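The following exercises concern the strands of one chain and are to be worked with the structure in view. Each task is followed by a stepwise solution.

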Amino acid sequence: MPELPEVESLAQFLADRLAGRAVGRVYPVAVHALKTYDPPVTALEGGACEGVTRHGKFLDLQVGALHLVLHLARAGWVRWNDTLPTVPPRPGKGPLALRVRLADPDDGAGFDVTEAGSQKHLAVHVVRDPQEVPGVARLGPDPLGEDFTLAAFRALLEGERRQIKGVLRDQSVLAGIGNAYSDEILHRARMSPFKLAAALSGEEVERLYAAVGSTLTEAVERSRGLALKDLKAEKKSGLRVHGRKGEPCPVCGDTVREVSFSDSALQYCPTCQTGGKPLADRRLSRLLK
């Protein structure tokens, strides 16, 4: 799933190529991806792109007075093409969900929004204000924002009885962190994913806060300037524990382990994070006694 660093890089990439350029045609190929109908997606046609920003994991393209807001879910992506096919796309079973073609007839540039796999959760919104999108309206603070201070983070965790892994992934608490980067943050902070947020000491809160900032900032910097087709590979290569079950931890050399759930899995290093004790690999697991 694209998370904050990848969506930030997507926003930067598209902003560089779309600034001031007008939208020519919009082709809604996968109707199920459209979550709003007034204004229609075709209302973007003729409008000039005035900026591309990010709200958590949401990508926001301002076109005239409207906003094209995309949530890429688990398997969505944006693919830029300097010369799109001239033949309009047809709805079908392929990954293409939305095509946006720029207005310059001598150019033919634009981008496709795609979603791989059979589980279709990609969301396309056309709104007058991004806050009209329920997922955007409920977002917590951005962990790269100036208002995300240590004091603010400490306040978010006060009285929070959930495990810290779940808290980090809750978009209403912090915007943009998903399964992969929460694993990376907790590994850098040397913290068990099952530790209760409210039980963190002052020193642990400071350590976790620093890990959030450094992990996400470094991931954004690694992705800066890369072509869209290279962003996924960059993300994977930069991960230290997530997706690396059975591999040696790059910090201590211990074997990275995994806990599986019904719809996801987390990875961690026992030596770095749980005092050398493996976590039971079952739903709602705790440290083995």
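**Exercise 1: The four-stranded sheet**

In this predicted model, an open sheet contains 4 strands in the order S2-S3-S4-S8, paired in the antiparallel sense. Determine which strands stand at the edges of the sheet, and describe the pairing of S2 with S3.

*Solution.*

Step 1. Strand S2 (49–55) and strand S8 (123–127) each have a single partner strand and stand at the edges, so one side of each lacks a neighbour in the sheet. Neighbouring strands of this sheet are turned against each other by 15 degrees on average, direction ignored.

Step 2. Between S2 and strand S3 (residues 58–63) there are 6 bridges, and the two strands pair antiparallel. To locate the register, take Gly 51: its bridge partner in S3 is Gln 62.

Step 3. Helix H1 (residues 4–18) lies across S2 and S3 and runs at about 175 degrees to S2.

**Exercise 2: The hairpin of S9 and S10**

State how many residues lie between S9 and S10 in their hairpin, and decide whether the faces of strand S10 are covered or not.

*Solution.*

Step 1. The hairpin formed by S9 and S10 has 4 residues between its strands. Strand S9 (residues 257–260) runs antiparallel to S10 and is joined to S10 by 4 bridges; Val 259 has Leu 266 of S10 as its bridge partner.

Step 2. In a regular strand, side chains alternate between the two faces of the sheet.

Step 3. In S10 (residues 265–268), Ala 265 and Gln 267 are on one side, and Leu 266 and Tyr 268 are on the other. All of these residues are buried, and both faces of S10 are covered.

Key:
Residues numbered from 1 in each chain as written. Predicted model: local features only at pLDDT ≥ 70, side-chain atom pairs only at ≥ 80, totals over all residues. Heavy atoms only, no water. Buried < 20%, exposed > 50% of the residue type's maximum accessible area, 1.4 Å probe, protein only. Pairing = 2+ DSSP bridges. Axes fitted to C-alpha atoms, helices over the stretch in contact; angles between N-to-C directions. Contact = heavy atoms within 4.5 Å.
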